[in-house]
Amino acid sequence: MTRYDTVLVLDFGGQYCHLIGRRVREQGVYSEILPHDAKVEEIRLLGEKLNVKGIILSGGPASIFDADAPRLDVKILDLGLPVLGICYGHQLLAHIAGGKVGRAEIKEYGSTYITIDKPVGILKGLNRKEKVWMSHSDIVFSIPNDYEVLAYSENSPIAAFRHREKPIYGLQWHPEVSHTEKGIQMLRNFLFEVCGCEANWKMDSNFIDQMIEEIRFEIGENKAIIALSGGIDSSVATVLAAKAIGDRLTAVFVDHGFMRENETETVRKFFQAFGINLVVVDAQERFLKRLKNVVEPEMKRKIIGEEFIRVFEEVAEKIGAECLIQGTIYPDRIESGFRRFSDKIKTHHNVAGLPTHIKFRKIVEPLRDLYKDEVRRIAEILGLPKELVYRQPFPGPGLAVRIMGEVTKEKVEIVRRADKIVREEIERSGLGESLWQYFAVLTDTKSTGVKGDARAYGHVVAVRIVESREAMTASFAKIPYEILERISTRITNEIPEVTRVVYDITHKPPATIEWE
């Protein structure tokens, strides 16, 4: 068995913790995520099966001055392994060393320029000025003499530091997010220059075999149902589960009435061709009834999550299934605040949206630590059709979370037609494969317009088109005006109820990709 060169990531509750891990894996170095309070003995034990070459401390939403702030087993710093602290990890290392950490007069959120005084170690080969991504309230004001300052920003006097003799580094910014322009170079410097790693790991059929074995072990001899939405995540999970437990698996597709145009027919066609047991449940009326008069986004997601589970329980009872398999991926879990020190951004119907009381003996999530593009890579290895592999992401609650305010049949039909137009025009232009997501949102605003020389008063539709690699960060796409014009003209011409179309030019963060 190969002892992969490995960098461990200690999780302090940051949104981007697992993103750090997968950025490491992208460079051919294996990574594992451990809780922030992992003990030095655990790391030594891991060293028996993995060649641990370094440790990264993630960011997190806490302040080191909070009474219950996550801490580090300081003995880890005596292992002689290279250590990199990012954001909260940067502040924590400075605090442990006896430096001064405090509240920033001006908080830094978003793109910031740093000045590098010493381009050494993790900053080797970088320019004096670099664009990075910051997201913090506390800063490091001073560090002991056995440390040296490597870089600063306008509002952070010590934006990067290192120990003068030990391989310990701190970065106030996030090198793992795509908005840090040279972030990958910084991480590669840490992996290969500081830690001395070799790129001897890759996602391959062996990794997939391990996932299949894990599903087989978790389910045992029981029957299971899988929540199939038709998206790439649940589709990959379905194929893996079918390989693991065969005809003891039933895929359940719930048509809640908030699907894209022809979604149900498309899913039925794909999975009947795979020879997988497929049950399609028409639950449109029950979902719409449950959402009557509901306007708060989190409540929508919780209601939808609960109703999904009730449908799954009903199907499971009929066929004697005890386990539920879901295609939950890591961004779903982190946005739902599933860990103690992470902040909830929004509830996902298949994570925090699940009801407290569930009849299933076990819920299995084979993709729980993966990102969308990693799931796509597995899909390619499994030989899934290209049109399935590269379908754009679609939220489990469907168009219900692309309607601001109360969900009604009329609103669902408007946003479904608008969404179809956006998809048609983007795909006709040839831009589809270069974009992460493109869709329409029905806002809860109405606007005066002119149609047929007469006053009209109708809905405002927002168009959201973004570029991303893993959905943890995203940038609005700079779509040519002529394409946006065609989208706007078609929506206002073909949907009488709409009088105005706007284009969303907000990055993630501060926004999320979906509006609700």
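In the predicted model, the largest nonpolar core comprises 120 residues, of which Val-236, Phe-312 and Ile-491 touch the most other members. For Ile-491, when neighbours within four places in sequence are left aside, the contacts are with Ala-418, Ile-421, Val-422, Val-461, Val-463, Val-498 and Val-501. A second core, separate from the largest, contains 38 residues, among them Cys-87, Leu-123, Leu-191 and Tyr-330.

The structure holds 0 disulfides, and two of its cysteines illustrate the point. Cys-17 is buried, with a relative accessible area of 1%, but its sulfur lies 12 Å from the closest cysteine sulfur, that of Cys-87, and the pair is therefore too far apart for a bond. Cys-197 likewise counts as buried, at 7% relative accessibility; the closest cysteine sulfur, in Cys-195, is 4.9 Å from that of Cys-197, which is too far for a bond because a disulfide requires the two sulfur atoms to lie within 2.5 Å.

Strand β11 (residues 249-255) and strand β12 (residues 278-282) run parallel and are joined by 5 bridges. Within this pairing, Phe-253 stands opposite Val-280 of β12. The connection from β11 to β12 passes through helix α7 (residues 263-273), and the resulting β-α-β crossover is right-handed.

Helix α11 (residues 372-382) has as its buried residues Lys-372, Glu-374, Val-375, Arg-376, Ile-378, Ala-379 and Leu-382, a set that therefore includes the charged side chains of Lys-372, Glu-374 and Arg-376 alongside Val-375, Ile-378, Ala-379 and Leu-382. The buried residues of α11 pack against four helical segments, α1 (17-26), α5 (205-219), α6 (232-245) and α12 (386-389). Beyond the end of α11 comes Gly-383, whose phi is positive, near 80°.

A polar residue in a buried setting is found in strand β15 (residues 437-451), where Ser-447 lies. Ser-447 is buried, with a relative accessible area of 10%, and its side chain is joined to that of Arg-500 by a polar contact of 2.7 Å. Not counting residues up to four places away in sequence, Ser-447 touches Ala-456, Tyr-457, Gly-458, Val-460 and Thr-499 as well as Arg-500, so that the partner in the polar contact also appears among the residues touched by Ser-447.

Methods
Residues are numbered from 1 along each chain as its sequence is written. This is a predicted model: local features need pLDDT of at least 70, side-chain atom pairs count only at pLDDT 80 or more; totals for chains, interfaces and linings use all residues. Side-chain values use heavy atoms; hydrogens and water are left out. Two strands pair if DSSP finds at least two bridges between them. Helices (H or I, at least four residues) and strands (E, at least two) are DSSP runs, numbered from the N terminus. A crossover is right-handed if, with the strands pointing away from the viewer, the path from the first strand over the helix to the second runs clockwise. A nonpolar core is a set of buried Ala, Val, Leu, Ile, Met, Phe, Trp, Tyr and Cys residues joined through side-chain atoms within 4.5 Å. Buried means under 20% relative accessible area, exposed over 50%, partly exposed in between (1.4 Å probe, protein chains only). Contact means heavy atoms within 4.5 Å. A polar contact is a pair of N or O atoms within 3.5 Å; within protein, one must be able to donate a hydrogen and the other to accept it, and residues adjacent in sequence count only if both atoms are side-chain atoms.
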